[in-house]
Amino acid sequence: MSALRLIPRGNAGGNLSQMMGLSQMGRRLASGGDGIRLMVGEREVVGYGINGRPIYFDSQDCPFPAIRYREVTPELCAIREKELGDWKKLSLDDKKRLYRHSFCQTFVEFQHFTPEWKICLGVALWLVALGLSISMVLKTKMYGQLPDTFDEDRRSAQLRRMIQLQMNPITGISSKWCYEENKWKSQLH
Amino acid sequence: MSTWANLGLQDSASPLMEQLIFFHDHALLILVMITVLVGYLMFMLFFNNYVNRFLLHGQLIEMIWTILPAIILLFIALPSLRLLYLLDEINEPSVTLKSIGHQWYWSYEYSDFNNIEFDSYMIPTNELSTDGFRLLDVDNRIVLPMNSQIRILVTAADVIHSWTVPALGVKVDGTPGRLNQTNFFINRPGLFYGQCSEICGANHSFMPIVIESVPVNYFIKWISSNNS
């Protein structure tokens with residue numbers, strides 16, 4: 001490979017590879033390039049792009065990629081000739097074709113939201129359902145019975161005792177009880 | 001004691017615990033403000049359409065977001081230090097209580113008067129009365145006078161235990177072979193519950209502490225009615 005790099009690009013390389021009967025891809029490889037060059041194909045390099053590599057992508061960050069989107073065609077050459085003249089003579093259709101030659105999508109198209117969110121939401125809800133069903137199975141089948149102290153009568157007796165002992169009288173449970181009227185403050189008035 | 005769905009600290013029965021609650025609220029307020037600010041900044045990123053690929057530095061904003069947290073930390077540190085020194089103040093206790101942790105009960109000694117000693121075991125769930133508190137009630141409560149400075153000496157007979165009453169803001173480890181001393185002051189009557197706070201074996205969750213705070217004259221009556 002390195003030896004071939006010393007050969008100047010263009011006809012010499014072409015002749016060499018033609019002599020060796022290589023295909024068009026082989027010719028490009030032989031002329032000393034990396035894999036990215038293969039993607040370029042016949043497309044023109046028109047700038048630096050985001051990092052100097054001849055890659056095409058649509059992005060708001062970098063509105064002008066390094067290469068045009070499509071390869072040069074004879075129809076395009078005709079419009080290009082028109083473009084060299086007065087732009088007011090270009091029809092809307094010509095302008096659109098010129099745009100679509102250089103770019104894949106418009107800003108509105110590539111910034112539009114995709115329907116991916118439906119799949120994300122669906123999978124997330126499935127996982128939530130799975131978690132909930134696991135915890136339901138645990139609650140009904142695996143966990144033992146609660147102690148007796150959780151019965152309603154015992155809990156109300158404990159609550160009465162808490163109020164009588166004035167537990168947490170400042171901001172807690174006893175602060176919500178009216179001791180004069182013997183009922184909850186929320187039940188007054 | 002903790003009541004159902006209690007998320008925060010228990011109401012205090014001691015002036016120091018009041019101060020701890022105030023400091024906790026103050027620090028939590030600052031934390032909530034910071035969290036809301038950062039959460040807002042992160043949320044607004046969803047709606048940001050600006051891009052600047054060539055940003056290198058911003059000296060002014062970097063100065064601001066270094067100095068401002070330092071100032072906020074000062075607002076936390078100064079009350080914290082004040083509270084720290086307040087908790088260490090010297091005072092004259094009028095009663096001394098000795099608490100010895102065993103596996104798995106507490107024993108208490110009042111040596112100031114008649115040398116009262118007793119053990120305090122948890123009441124098992126199947127022997128509780130209808131209004132008994134599960135895992136909290138004990139057979140013999142610690143009776144202490146309210147509005148008096150109390151000194152407590154905590155130790156243990158076998159493994160490390162920890163004597164704690166959240167309503168009073170007290171937590172002291174009881175280590176075998178060592179006496180740890182602390183002071184507290186109870187400013188209202190009632191029952192104050194706590195649970196052993198250092199893992200000490202199988203029944204670590206089943207050795208609670210109950211303080212019965214009574215007026216001084218009741219305490220004196222209780223002492224004289226209990227001879228060793």
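## Exercises on helix packing and domains

In chain B, α1(B) passes α2(B) in a left-handed crossing. The model you are exploring is predicted. Work through the exercises at your own pace.

**Exercise 1.** Find how α1(B) and α2(B) are oriented relative to each other: roughly parallel or roughly antiparallel?

*Solution.* Start by locating the helices: α1 covers residues 15-44 of chain B, and α2 covers residues 59-87. Next, take their packing angle, about 170°, with the axes 11 Å apart. Angles over 145 degrees count as roughly antiparallel, so α1(B) is roughly antiparallel to α2(B).

**Exercise 2.** Describe the contact of α1(B) with α2(B): which residues meet?

*Solution.* Look at α1(B), where the contact residues include L16(B), F23(B), I30(B) and I34(B). Then turn to α2(B), whose partners include I72(B), F75(B), R82(B) and L87(B). Finally, sort the residues of this contact: 12 are nonpolar, three polar and one charged.

**Exercise 3.** Now do the same for α5(A) and α6(A): which residues meet?

*Solution.* In chain A, helix α5 spans residues 74-84 and helix α6 spans residues 92-102. Their angle is about 115°, and their axes lie 11 Å apart. The crossing is left-handed. From α5(A), L76(A), I79(A), R80(A), K82(A) and E83(A) meet D94(A), R97(A), L98(A) and H101(A) from α6(A). Sorting the residues of this contact gives three nonpolar, one polar and five charged.

**Exercise 4.** What distance separates the centres of the two domains of chain A?

*Solution.* First mark domain 1 at 32-111 and domain 2 at 147-189. Taken over C-alpha atoms, their centres are 77 Å apart.

Technical notes. Residues numbered from 1 in each chain as written. Chains lettered and ligands numbered in written order. Predicted model: local features only at pLDDT ≥ 70, side-chain atom pairs only at ≥ 80, totals over all residues. Heavy atoms only, no water. Domains from an automatic or database assignment. Axes fitted to C-alpha atoms, helices over the stretch in contact; angles between N-to-C directions. Helix = DSSP H or I, 4+ residues; strand = E, 2+ residues; numbered from the N terminus. Left-handed = near helix turned anticlockwise from the far one by under 90°. Contact = heavy atoms within 4.5 Å. Nonpolar A, V, L, I, M, F, W, Y, C, P; charged D, E, K, R; others polar. Parallel < 35°, antiparallel > 145°, perpendicular 65-115°, else oblique.
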